Amino acid sequence: MANVDPKSCWAKEGRLPRIAIVGAGLSGIGAVIKLREAGYTDLTIYEKADRVGGTWRDNRYPGLSCDVPSYWYSYSFEPNPHWSYRFSYGPEILAYIEHVVDRYDVRRVIRFNSEVEELRYLGPQWQLQVKNCEPEIYDFVISASGILHHPAYPEIPGIEDFEGKMFHTARWDDTVSLSGQRVGIIGTGSTSAQIVGEVTDEVAKMTVFQRTPHWMAPLPQKKYSTLWKAFLRVSPWMHPILAWFYKRLMLTTFAKATIGDVKQQQKIEQACLRFLKKTVPDPQLRARLTPDYKATCKRLIFCSDFYPAIASDKAELVTESIEAIEPTGVRTRDGRLHELDILILATGFKVSEFILPTRVFGANGIELSQQWGGAPRAHRAMALPHFPNFWMLEGPTGPVGNLSLISITEVQIGYMIQLLDKMKAEKSAALVVKPEAFERYNRAMADAIGTTTWATGGCSSWYIDKTGKPNLYPWHPSRFYEEMKTPDYSEYLLSDSVEGAAST
Ligand code: NAP
């Protein structure tokens, strides 16, 4: 066992707190930069892979892009005048992340190939265990492990018998060429739409297995000119304006539609239907692509290429449900065998994991997976009762959907730094959210979520968890931005009695 000092209190000892961050994606990297700026410099990021980038490292599928505008999908402190497109492609985002890491000298605090197996609160410190390594002690742990990173594989009989190449979109097999092949893809979410739109031209045949049609809007893509980029380079004042403009656009349209603005929601629906009519001439195919639930119930897809691709001679939309996977292809309920060389699983992610399967033990040995019981909840998407000195970035019930997660994580980091400052000022060893504050907040969320389109829209989606309710922020995101500006310290128990904190 590592050497824990139960009397240790960084704030009283006048030393810097030791802070461990799990994950070197956009949140973890942003946390290092901002914590350093605030004077908290004893930081270590644990990263399971050998490279930074999180989701932008894991996903390498053709057509990978971000449907949140580039100028908003950037750190506010590191605007990028070089973005090539209004909606960036994956490799350019990954290059931007690498640039930020180098520019802010983040790499030297990252331990690559270091998957955290266990975190254990020993009061007032955490013991962190990486596989095959000596345990280490930290004053704080920040989970920046992301949401969409555990691939969900479909449970289809015979899946292991397929003799062609088969892989999940987040585990893309770079050794496989799709060119001239008979390709099948299961799923029609954002990922599938981007892949189908990108590769259908080059394959021999694209068979798309659709369980549920998704609402789809065209992506107003635009390539930025050299002149425009040169202008932005000499006009730094433009960046906050551009970020503000796109944020405002998303908040006044999609965000409003999800939380009960029927007019906005119908406007989106009409725009999607117009787009479908324009790009898919065959009325029968159109009917099979038309959802029977409300737009924005599932995450709205922005993609201009999927409909033209699926309407082309190269593609077939299969809406008959899948019965089994056989060595040579996919058998549907109507008895038809769809012969394939390559099968792509665009079946999404296990979204109730967050930092799991890392074993996380809070005060009194309570385990996070038990506390969550398959339905993760947190206080303000960040804190958990019984887990002192532990925060999550992009944790459960945060505002996600068609928003910039970078802007959300920056707000969360700012909030967390204020809590650290408070502890420093009050010389507290431990800080934990009060169970009653957690309950109050989550009860209010549960009450409010029922009226959102995610709950009333008549669809099933990855937003809905074991409780049957969407695991999302139920109010307008502007409320989140506002409430997270300053913590309500009365929601937290600050303890300078180390024993008290340990048994909280
Ligand atoms: P997803 O939205 O969860 O879609 C998974 C698809 O697989 C759905 O069409 C689902 O059908 C289908 N599916 C799952 N299991 C199946 C089974 N057993 N049999 C048949 N079909 C099955 O996953 P995703 O497309 O990877 O996207 C996940 C999230 O990643 C998005 O919602 C978004 O937040 C993010 N993303 C963002 C971007 C971006 O541009 N910013 C791009 C890609 C992804 P049902 O609909 O019937 O469940």
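The following questions and answers concern the ligand shell and one strand pair in a predicted model.

User: Which helix gives the most to the shell around the ligand?

Analyst: The ligand is surrounded by 23 residues, and the closest are Thr188, Thr191, Thr212, Lys298 and Trp462. By class, that shell holds eight nonpolar, 11 polar and four charged residues. Three residues of the shell come from the helix that gives the most, which spans residues 190-199 and is helix α5.

User: How much of the ligand's accessible area does the protein cover?

Analyst: Polar atoms of the protein approach oxygen atoms of the ligand at several points: a side-chain atom of Thr191 at 2.7 Å, a backbone atom of Ser65 at 3.1 Å, and a side-chain atom of Gln194 at 3.3 Å. On its own the ligand has 910 Å² of accessible area, and the part of this that the protein covers is 85%.

User: Which residues of strand β13 point the other way from Ala315 and Leu317?

Analyst: In a regular strand, side chains alternate between the two faces of the sheet. Strand β13 covers residues 315-318, and its residues are all buried, with Ala315 and Leu317 pointing one way and, the other way, Glu316 and Val318.

User: Which residue stands opposite Val318 in β13?

Analyst: Strand β13 runs parallel to strand β10, which comprises residues 205-209, and four bridges join the two. Val318 is buried and points the way that Glu316 does. Opposite Val318 stands Phe209.

Methods. Residues numbered from 1 in each chain as written. Predicted model: local features only at pLDDT ≥ 70, side-chain atom pairs only at ≥ 80, totals over all residues. Heavy atoms only, no water. Near = heavy atom within 4 Å. Polar contact = N/O pair within 3.5 Å; in protein donor to acceptor, adjacent residues only side chain to side chain. Areas by Shrake-Rupley, 256 points an atom, 1.4 Å probe, with all protein chains shown as cover. Nonpolar A, V, L, I, M, F, W, Y, C, P; charged D, E, K, R; others polar. Buried < 20%, exposed > 50% of the residue type's maximum accessible area, 1.4 Å probe, protein only. Pairing = 2+ DSSP bridges.
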